[in-house]
Amino acid sequence: MFKKILVGLDFGDTSDVVFQKSVTLAQSIGAELILLGVLIPAEDRNVYEGRYRAYELKELERLKSFSKRAQAVGVESEIIQVTGSPGRAICEQAKTAEVDLFMVGSQGRMGLREMLLGSVSNYVMHHADCS
């Protein structure tokens with residue numbers, strides 16, 4: 001069964017739903033959650049350093065909040081925050097942390113929109129080494 005579940009969380013509308021579903025699953029099978037936030041790199045850090053640092057801290061606080069909520073209902077959790085391409089970062093962290101399952105939300109892009117804009121969930125489904 002699944003012992004470690006990696007949960008990719010962003011600022012999107014689906015994050016809370018994905019988090020709640022991951023907590024419910026983890027509770028039912030006694031799994032640990034690894035809550036992952038992936039920061040998109042600033043194009044020019046010198047210009048945006050102050051705003052980027054605020055973004056970084058805000059996301060870290062959000063991850064901590066999710067972790068506290070999980071722990072409050074008896075689910076062990078840890079947080080990881082990295083910078084990079086979200087799809088690649090999720091796959092790398094899943095491999096590094098030796099997780100059994102990953103959970104990410106989907107914005108429901110299909111067809112031409114997905115082809116042009118990409119889809120993190122689609123990328124991860126085709127490149128991750130786990131379910």
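How many aromatic pairs does a search of the whole structure find? The search finds two, and both appear in the close-ups below, along with salt bridges, a serine and the confidence of this predicted model.

**Figure 1. Phe-19 and Phe-66 form a tilted aromatic pair.** A pair of aromatic rings is described by the distance of the centres and the angle of the planes. Here the ring centres of Phe-19 and Phe-66 are 4.6 Å apart. Their planes stand at 45 degrees, so the pair is tilted, because only angles under 30 degrees count as stacked and those over 60 as edge-to-face. Phe-19 belongs to helix α1 (residues 15-29) and Phe-66 to helix α2 (residues 45-72), so the pair ties together parts that are 47 residues apart in sequence. Are these two rings buried or exposed? Phe-19 is buried, at 2% relative accessibility, and Phe-66 is buried too, with a relative accessible area of 4%.

**Figure 2. Tyr-52 and Tyr-55 form an edge-to-face aromatic pair.** The ring centres of Tyr-52 and Tyr-55 lie 5.4 Å from each other, with 65 degrees between the planes. Both tyrosines sit in helix α2, three residues apart, so about one helical turn separates them. Tyr-52 is buried at 5% relative accessibility, whereas Tyr-55, with a relative accessible area of 24%, is partly exposed. The two get these labels because buried means under 20%.

**Figure 3. Arg-53 and Glu-56 are joined by a salt bridge in helix α2.** Side chains of opposite charge can pair when their charged atoms come close. The structure holds four salt bridges, and in this one the closest N and O atoms are 2.7 Å apart. Arg-53 and Glu-56 are three residues apart, about one turn of helix α2. Arg-53 is partly exposed, at 42% relative accessibility.

**Figure 4. Arg-62 meets Glu-59 in a salt bridge.** The N to O distance between these side chains is 3.4 Å. Helix α2 holds both Arg-62 and Glu-59, three residues apart, or about one turn. Which side does each partner take, buried or partly exposed? Glu-59 is buried, with a relative accessible area of 3%, while Arg-62 counts as partly exposed at 22% relative accessibility.

**Figure 5. Glu-61 and Lys-64 also share a salt bridge.** Their side chains meet at 3.6 Å, N to O. Both residues lie in helix α2, with a spacing of three residues, about one turn of the helix. Glu-61 is partly exposed at a relative accessible area of 46%, and Lys-64 is partly exposed at 35%.

**Figure 6. Ser-67 is a buried residue of helix α2.** The relative accessible area of Ser-67 is 8%. What does Ser-67 touch, leaving aside residues up to four places away in sequence? Its partners are Leu-35, Ser-77 and Ile-79.

**Figure 7. Mean pLDDT is lowest in helix α4 and highest in strand β3 among the elements of the protein chain.** The mean is 44 for helix α4 (residues 111-117) and 94 for strand β3 (residues 77-83). Over residues 108-117 the pLDDT is below 50, and in the model this stretch has six contacts beyond near neighbours in sequence. For the protein chain, the mean pLDDT is 81, and 77% of residues reach 70 or more.

Conventions
Residues are numbered from 1 along each chain as its sequence is written. This is a predicted model: local features need pLDDT of at least 70, side-chain atom pairs count only at pLDDT 80 or more; totals for chains, interfaces and linings use all residues. Side-chain values use heavy atoms; hydrogens and water are left out. Rings of Phe, Tyr and Trp (its six-membered ring) pair if their centres lie within 6.5 Å; planes under 30 degrees apart count as stacked, over 60 as edge-to-face and the rest as tilted. Helices (H or I, at least four residues) and strands (E, at least two) are DSSP runs, numbered from the N terminus. Buried means under 20% relative accessible area, exposed over 50%, partly exposed in between (1.4 Å probe, protein chains only). pLDDT is the predictor's confidence in each residue, from 0 to 100. Contact means heavy atoms within 4.5 Å.
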